[in-house]
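Student: I would like to go through some of the labels used for this structure and ask what each one rests on.
Tutor: Go ahead; we will set each value against its cut-off.

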Amino acid sequence: MFTGLIEDVGTVEAVEAGEDGAALRIATRLGAEVAPGDSVAVDGVCLTAASADPEGFGAEAMNQTLGLTSLGGLEARAPVNLELAVKASDRLGGHILQGHVDGVGEVLSVEEDGFARRLRLGLGPDLIRYAVERGSIGLSGVSLTVSALGEGWLEVSLIPETLERTNLGRASSGTRLNVECDIVAKYVERLVAPFPGKERA
């Protein structure tokens, strides 16, 4: 489990893609805290460390992950948001994220708003239905609050701390961001909308 508070912006050192998936090597100062088998959120995607050393870690992404998330387009030298799995003793400073990305949204516009920056993201109907104003959403692993909502889009406001400590400060029109919707909203939908052909008791 993760909280959406980014601990480091790592750098993709290498991507080895093949028919079976892709192997990633990511440089980060968090390397000394990672052990093989640990879960690490990479741009919001939960990956398992296959190897680790003080300079970074290696992980593998299967084809389903590459097709559903922005990781399929990663190249060497790309910056990626990183968060280690939360400990039971840690504060839940953001909101509950599983690292199970629901899809990808595309940045439609970026506007300065005082010391903040407003980012408008286009989402398909399969994702936008889970968004509510002032509710939580995970974008590339960052816990954010939905500040505005419209037909097929939502906005978030990025404070200077977020702009400096995550790769969202580099986002521009056309940037693709991983989206993880609120897990509570998804469970509520399942409770009130049974599987096709079944009725609620």
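Student: Which residues is Leu108 in contact with, leaving aside its neighbours within four places in sequence?
Tutor: In this predicted model, Leu108 is in contact with Arg120, Leu121, Gly122, Trp153 and Ser173. The word contact requires heavy atoms within 4.5 Å.

Student: Where is Leu108 placed, and why is Leu108 called partly exposed?
Tutor: Leu108 lies in strand β7, residues 103-113. Its relative accessible area is 45%. Buried would need under 20% and exposed over 50%, so Leu108 is partly exposed.

Student: What separates Leu108 from Val179?
Tutor: Along the chain they are 71 residues apart, and their C-alpha atoms are separated by 15 Å.

Student: What makes Asp53 and Arg25 a salt bridge?
Tutor: Their side chains meet at 3.0 Å, N to O. The cut-off is 4 Å between a side-chain nitrogen of Lys or Arg and a carboxyl oxygen of Asp or Glu, so the pair qualifies. The pair links distant parts of the chain: Asp53 belongs to strand β4 (residues 45-53) and Arg25 to strand β2 (residues 21-27), 28 residues apart.

Student: Why does Asp53 count as partly exposed?
Tutor: Its relative accessibility is 28%. That value falls between the limits of 20% and 50%, so the label follows.

Student: How do you know that Arg118 forms a salt bridge with Asp113?
Tutor: The closest N and O atoms are 3.5 Å apart, which is within 4 Å, so the criterion is met. Both residues are partly exposed, because Arg118 has 25% relative accessibility and Asp113 has a relative accessible area of 38%.

Student: Which residues are linked in a network of salt bridges?
Tutor: The network consists of Glu111, Asp113, Arg118, Arg120 and Glu155. Arg120 is also among the contacts of Leu108.

Student: What about Glu161 and Arg165: why are they separated by about one helical turn?
Tutor: Because they are four residues apart in helix α3, residues 160-165. Their side chains meet in a salt bridge at 3.3 Å, N to O. Glu161, at 43% relative accessibility, counts as partly exposed, and so does Arg165 at 42%.

Student: How many salt bridges does a search of the whole structure find?
Tutor: The search finds twelve. Among them are Asp53 with Arg25, Arg118 with Asp113, and Glu161 with Arg165.

Notes. Residues numbered from 1 in each chain as written. Predicted model: local features only at pLDDT ≥ 70, side-chain atom pairs only at ≥ 80, totals over all residues. Heavy atoms only, no water. Helix = DSSP H or I, 4+ residues; strand = E, 2+ residues; numbered from the N terminus. Buried < 20%, exposed > 50% of the residue type's maximum accessible area, 1.4 Å probe, protein only.
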